[in-house]
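This report describes the overall make-up of a protein chain and the packing of some of its helices. The sequence and structure are shown first.

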Amino acid sequence: MGGNNWRTSLIVLIKRRKMSCNLLKYGSMNNHSFNIKVSLFFINLLLLSLMILSFPLKTLAQDVEVSIIDVEPYGLSVGDRISGIHADYLKKVLEIAKITYSINIKPYPRVIKDLQDNKAQLSLFFKRSDLINTVEIDKSIGFFNFIVSHVDSPITNISKLVGKHIGVIRDAKYEDSFDKDKSIQKMQLDNYLQGLNLLKLKRVDGLVISEAAYFFYLQTHTQEKRIFSKPIILNRKHNYIYSNKSIGIENIKKIQKANQFLIKSDFLESILIKYK
């Protein structure tokens, strides 16, 4: 009896061990499956994160890229700080409109090209009819355009421009009667300072310069006042706010509203005083 009890106990113990092993095996399989699922979850999460990070920054940040013409006093750059009449004005417009932005300063032809190519979304310059992929948002600040000449050979009225060499900002549009007049020889310039230096050397007969720029240079180049004759008026032109079409109708409406508010305020006068 004692031997049979021993054998019976041994058989029961073996069976229990087998059951324990099977349970452990089953549990291990479940744990392994769970670990695989967790690993796949984190792999998918990592891939999703990499996909998001691979998108262009502009899909993540909706800053409007503002491009300012590199012509004093409309666009000025000192280190990383960009200022000037156009820069200050558009900054204020976007501040009122509550639109975030980044800003750069470039030569006038590059500003025009970048705006059409959507490498910039907003700028301010004279009205143009030759732009593509852009929106003329609103009429903005306006100035007289002067023609200044050398004191030794003054140009006293518009009719005296025939046969003269006149400096103009590269790609700028003034008015058809002047732009298309082939009897007036136009010399393309990068900026007003280049034109004033050429005028001082008598390499051009005259220079088209906006009133804001004219008074700005009189203040910053006081010794050269005596070189230039009294300017004559070519015309009065407004600058227009232009955007690329990608900016969206909601932003356009906000910018229009902010611009109209500034036009009715004394903000522009404070800018002009700052740069005179």
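## Chain organisation and helix packing

In this predicted model, residues 24 or more positions apart account for 72% of the contacts in the protein chain with a separation of 6 or more. The chain contains 9 helices and 10 strands. Its 276 residues include 39% that count as buried. The exposed area of the protein chain is about 16,700 Å², of which carbon and sulfur atoms supply 58%.

One helix pair is formed by helix 3 (residues 85–97) and helix 8 (residues 249–263), whose axes come within 8 Å and cross at roughly 120°. An angle of 65 to 115 degrees would count as roughly perpendicular and one over 145 as roughly antiparallel; helix 3 is therefore oblique to helix 8. The crossing of helix 3 with helix 8 is right-handed. The residues that meet are listed below.

| Helix | Residues in the contact |
|---|---|
| Helix 3 | Y89, K92, V93, L94, I96, A97 |
| Helix 8 | K254, I255, A258, N259, F261, L262, I263 |

By class, the residues of this contact comprise 10 nonpolar, 1 polar and 2 charged.

Helix 7 (residues 211–220) is largely enclosed by the rest of the structure, because 7 of its 10 residues are buried. These buried residues are E211, A212, A213, Y214, F216, Y217 and L218. Their cover includes helix 3, helix 6 (192–200) and helix 9 (267–274), together with strand 6 (134–149), strand 9 (206–210) and strand 10 (232–244). Helix 3 thus takes part both in the contact with helix 8 and in the cover of helix 7.

How values were computed. Residues are numbered from 1 along each chain as its sequence is written. This is a predicted model: local features need pLDDT of at least 70, side-chain atom pairs count only at pLDDT 80 or more; totals for chains, interfaces and linings use all residues. Side-chain values use heavy atoms; hydrogens and water are left out. Axes are lines fitted to C-alpha atoms, for helices over the stretch in contact, and angles run from 0 to 180 degrees between N-to-C directions. Helices (H or I, at least four residues) and strands (E, at least two) are DSSP runs, numbered from the N terminus. Angles under 35 degrees count as roughly parallel, over 145 as roughly antiparallel, 65 to 115 as roughly perpendicular and the rest as oblique. A crossing is left-handed if the near helix is turned anticlockwise from the far one by less than a right angle, and right-handed if clockwise. Contact means heavy atoms within 4.5 Å. Ala, Val, Leu, Ile, Met, Phe, Trp, Tyr, Cys and Pro count as nonpolar, Asp, Glu, Lys and Arg as charged, and the others, Gly among them, as polar. Buried means under 20% relative accessible area, exposed over 50%, partly exposed in between (1.4 Å probe, protein chains only). Accessible areas come from the Shrake-Rupley method with a 1.4 Å probe; for residues, only the protein chains shown count as cover.
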